[in-house]
Amino acid sequence: MFSAYAELEGRMRGRLGGRECLYVPSCRFGLYLALRHWCGPGGRVLMSPVNDDVIFFVVLAAGLRPVQAPLDPRDGSIDTAAVPESVWQGLSAVLTTNLYGNPDPAPELRGHCDRLGIPLIEDAAHAIGSTVDGRPVGTYGEASVFSLSKHTGAKTGGFLALADPALREELAAARDALLHPTRTTAELAYLVRPYAESTLRGLRLVGAARAAVRRLGLEEREEIRMPLRAEELKRALTAAPALEPFHSWVRVDMHDYRLRPGAGRLRRTTRRFARLDDVLDAHRAGTERLLASEYEATTPSGPVQPLYRVPLLVEDRDAAVAALARRRITTGYLYDPPLDGYAGEAFTDLSPAPEPAAWFARHALPVDPRRADEALTVLRGAGIRPARPSMVPGGAR
């Protein structure tokens, strides 16, 4: 078991210029470890409101109060200039999102965190190949978390990367204390799942494939956001910080998020991780084509990033999703409404400038760059019109 961890950790360490890396069964689990280590209960954490609700619940499980940041409507990154000084002064930490692989302004955020003496924690789940000023995303903060469920397609595993290697032993012990033991049934389901899905898709039984995945507890959302269950959430908050009271929210779409991996799971993850560079090349090439289209609001000033998804901006996102679905192109990773609209001020500090985030959440169409040409053909053929963020209140740059 240790040797398998060591191989994965060593490969990730090399990608991050030698930064210490700790294998974790999921990005969300690694984020919980980081928040518990660096933030005392009751602290306030600046985060993006256009984010997976699972991450919101992880922050709550760590005993922390989410503070929603204003965003740049062009790409969903944190708009540091729009954060009032009164908000900065009340923070205990900053959590980046690097949405779809578009980097948040890490140097600026690092500067604010240094000024305030608080930690910067980078969520790099979508950004394993992205860079900022020539440095990999995930090398600016005290800690960063990565997912092996995204670009690698392993659907399990991740890393907690540490700026201070002396913390490895302490955090490894915290990880091991929270892990659930390996379950044979979960390992078998994990190993069989890709073959079952491939067979059903080959038979054009996509609906049956999704139903089978739901029956396995691997996909649970009927809508974009999971039900908040406000009264139950209030009760859970009285027991924070702790994972167990929030388990029903944090486990959504990944019931194995805190499961100790078996040998088969680790072998498959290692094989897929070894092919990551080829995957990143494909994502980078598709990203470049999508960024050159009429649906993109920004022109990259530096090297093209290997985005996990490219957020095209369209006037009618629902019509675009439907048009793509008719060609068997699935649109996932939508985060609408923003978290402050989803949870309300009972559970989060509202963004001081919510309009750009709401606009972006409504108009962003995340497209898999590996299907760039197909997606553009469908959107143009369906008459989908691009949207422009220049009309958003407070959103023009």
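This is a short talk about the sheet, a helix pair and the hollow spaces in one predicted model.

Okay, hi everyone. Remember as we go that the structure on the screen is a prediction.

Let's start with the sheet. It's an open one with 7 strands, and the order across it is E1-E9-E8-E5-E4-E2-E3, with mixed pairing. In case that's new to you, strands of a sheet pair through backbone hydrogen bonds, either parallel or antiparallel. The edges here are E1, residues 20–24, and E3, residues 65–68, and each of those pairs on one side only. Going from one strand to the next, the twist averages 20 degrees.

Zoom in on E4, residues 93–96, and E5, residues 120–123. How do those two run? They run parallel, and 3 bridges join them. If you want a spot to click on, Thr96 stands opposite Glu122 in E5.

Now, helices sit on this sheet too. H3, residues 53–61, packs on it and touches E2, E3, E4 and E5. The direction of H3 makes about 135 degrees with that of E3. H6, residues 168–178, packs on the sheet as well, touching E1 and E9, and its direction makes about 5 degrees with that of E1.

Next, a pair of helices. H12 and H16 pack with their axes 9 Å apart, at an angle of about 25 degrees. Angles under 35 degrees count as roughly parallel, so that's what we call H12 and H16. Which residues make the contact? From H12 we have Gly286, Arg289 and Leu290, and from H16 there's Ala372, Asp373 and Leu376. Sorted by class, that's 3 nonpolar, 1 polar and 2 charged.

H12 comes back when we look at the second largest pocket, since it supplies at least two residues of the lining, and so do H5, E6 and E10. That pocket holds about 810 Å³ of space. It has 33 lining residues, and Asp75, Asn102, Pro103, Ser301 and Gln305 lie nearest the centre. The lining is a mix: 13 nonpolar, 11 polar and 9 charged.

Last thing, the cavities. How many are there of 30 Å³ or more? There are 2. The largest has about 50 Å³ of space, and its lining includes Arg309, Asp368 and Arg371. That lining splits into 4 nonpolar, 2 polar and 3 charged residues. The second largest has a volume of about 30 Å³. Among the residues lining that one are Tyr100, Arg317 and Phe360, and the count there is 7 nonpolar, no polar and 1 charged.

That's me done, thanks!

Terms used. Residues are numbered from 1 along each chain as its sequence is written. This is a predicted model: local features need pLDDT of at least 70, side-chain atom pairs count only at pLDDT 80 or more; totals for chains, interfaces and linings use all residues. Side-chain values use heavy atoms; hydrogens and water are left out. On a 1 Å grid over the protein atoms alone, a cavity is a set of points where a 1.4 Å probe fits but cannot get out, and a pocket is an open set with protein on both sides within 12 Å along at least five of seven lines; lining residues have an atom within 4 Å of a point. Grid points are joined across faces, edges and corners, and a volume is the space filled by probe spheres set on the points. Helices (H or I, at least four residues) and strands (E, at least two) are DSSP runs, numbered from the N terminus. Ala, Val, Leu, Ile, Met, Phe, Trp, Tyr, Cys and Pro count as nonpolar, Asp, Glu, Lys and Arg as charged, and the others, Gly among them, as polar. Axes are lines fitted to C-alpha atoms, for helices over the stretch in contact, and angles run from 0 to 180 degrees between N-to-C directions. Angles under 35 degrees count as roughly parallel, over 145 as roughly antiparallel, 65 to 115 as roughly perpendicular and the rest as oblique. Contact means heavy atoms within 4.5 Å. Two strands pair if DSSP finds at least two bridges between them.
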